Amino acid sequence: MRRSDLDTVSELAMLANPFATKEKYREHLLDELEENPDLSFVGAKNGKVIGYVQVEVHNDQAVLEDIAVAKEYQRKGIGKRLLNKELKALKRKGAGTILAEVHYKCAPAIPFYYKHNFRIIGFVQDYFGVGHDTIILKLLLQ
Ligand SMILES: CC(C)(COP(=O)(O)OP(=O)(O)OC[C@H]1O[C@@H](n2cnc3c(N)ncnc32)[C@H](O)[C@@H]1OP(=O)(O)O)[C@@H](O)C(=O)NCCC(=O)NCCS
């Protein structure tokens, strides 16, 4: 991911973060990109960004904050490629576990995570703000 991708990425981010506003979330995406440039990836078609994935890392635990693919390109294997790229990068960095945070409105994405061996470990009420409950999934990497 490059800084110049952030306009499109922040649009896509609204699919994964129904609680957020685009302008504010763009700042967060930029912070994460600057902190971990080797852990933020985009998928592109004909030069156009159509998906992205981004994580943050605390010690040896990664948190998958976002993965999103443009609606018209979903169910074509792009999310799988982005996730696999991310998991490889995290393993190289020595991360031991990865958590995924899924806003309740994004629950249709849960089978995608199960396909990649994540399991639900719990939920947190009001995680992203009042009423924005979130499901937490986990995958062991090592
Ligand atoms: C979740 C998401 C990133 C998946 O990306 P994708 O490119 O559509 O997924 P893939 O095509 O790689 O799917 C791989 C497998 O995951 C499973 N899967 C993906 N989306 C699914 C869905 N909506 N329902 C059930 N299974 C699903 C399927 O088993 C699929 O394989 P198949 O199509 O051969 O059956 C995408 O649907 C998305 O952007 N959703 C909106 C944002 C979001 O909710 N993000 C997650 C919260 S952070």
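Helices here are DSSP runs of H or I with at least four residues, and strands are runs of E with at least two, numbered from the N terminus. On that basis the protein chain of this predicted model runs α-α-β-β-β-α-β-α-β-β from its N terminus. The total is four helices and six strands.

Start with the overall dimensions. The radius of gyration of the protein chain is 14 Å, which agrees with the value near 14 Å for a compact globule of 142 residues. Along the principal axes, the C-alpha atoms fill a box of roughly 35 × 35 × 30 Å. Buried residues account for 29% of the 142 residues. Now take the contacts with a sequence separation of 6 or more: 55% of them join residues 24 or more positions apart.

Next comes the sheet. The six strands form an open sheet in the order 1-2-3-4-6-5, and the pairing is mixed. Strand 1 and strand 5, residues 119-124, are the edges, and each pairs on one side only. From one strand to the next, the twist averages 25°.

Walk across the sheet from strand 1. Strand 1 covers residues 40-45, strand 2 covers residues 48-58, and the two pair in the antiparallel sense over six bridges. Ser40 faces Gln54 of strand 2. Lys45 sits opposite Lys48, also in strand 2. The hairpin of these two strands has two residues between them, and Asn46 takes a positive phi near 50°.

Strand 2 also pairs with strand 3, residues 61-69. This pairing is antiparallel too, and it spans eight bridges. Val57 has Ala62 of strand 3 as its bridge partner. Here again a hairpin has two residues between its strands, and Asn59 in the turn shows a positive phi of about 55°.

The sense then changes. Strand 3 and strand 4 pair in the parallel sense, over four bridges. Ala62 appears again at this step, with Ile98 of strand 4 as its bridge partner.

Strand 4 deserves a closer look. In a regular strand the side chains alternate between the two faces of the sheet. Strand 4 shows the alternation: Ile98, Ala100 and Val102 point to one face and are buried. Thr97, Leu99, Glu101 and His103 point to the other face and are not buried.

Helix 3 packs against this part of the sheet. The helix lies across strand 1, strand 2, strand 3 and strand 4, the last of these being residues 97-103. Its direction is at about 30° to strand 2.

Now follow Ile98 to strand 6. Leu139 belongs to strand 6, residues 134-140. Leu139 and Ile98 are 41 residues apart along the chain, yet their C-alpha atoms are separated by 5.3 Å. Leaving aside residues up to four places away in sequence, Leu139 touches Thr97, Ile98, His116, Asn117 and Phe118. Is Leu139 buried, exposed or partly exposed? Leu139 has 18 other C-beta atoms within 10 Å, so it counts as partly exposed. The cut-off for buried is 20 or more such atoms, and for exposed 12 or fewer.

Asp38 offers another case. This residue lies in the loop between helix 2, residues 22-35, and strand 1. Asp38 has 9 other C-beta atoms within 10 Å, and is therefore exposed. Compare its position with that of Lys24. The two are 14 residues apart in sequence, and their C-alpha atoms are 22 Å apart in space.

Last, the ligand. How many residues surround the ligand? There are 20, and the closest are Gln74, Gly79, Lys80, Cys106 and Pro111. Several elements build this shell. Helix 1 (6-16), strand 3, helix 3 (78-92) and helix 4 (110-115) each supply at least two residues. Strand 3 gives the most, with four residues. What is the make-up of the shell, in nonpolar, polar and charged residues? Twelve are nonpolar, three are polar and five are charged.

Strand 3 links the parts of this account. Strand 3 pairs antiparallel with strand 2 and parallel with strand 4. Helix 3 lies across strand 3, and both strand 3 and helix 3 contribute to the shell around the ligand.

Definitions and conventions: Residues numbered from 1 in each chain as written. Predicted model: local features only at pLDDT ≥ 70, side-chain atom pairs only at ≥ 80, totals over all residues. Rg over C-alpha atoms; globule rule 2.2 N^0.38 Å. Contact = placed C-beta atoms within 7 Å. Pairing = 2+ DSSP bridges. Near = placed C-beta within 6 Å. Nonpolar A, V, L, I, M, F, W, Y, C, P; charged D, E, K, R; others polar. Axes fitted to C-alpha atoms, helices over the stretch in contact; angles between N-to-C directions.
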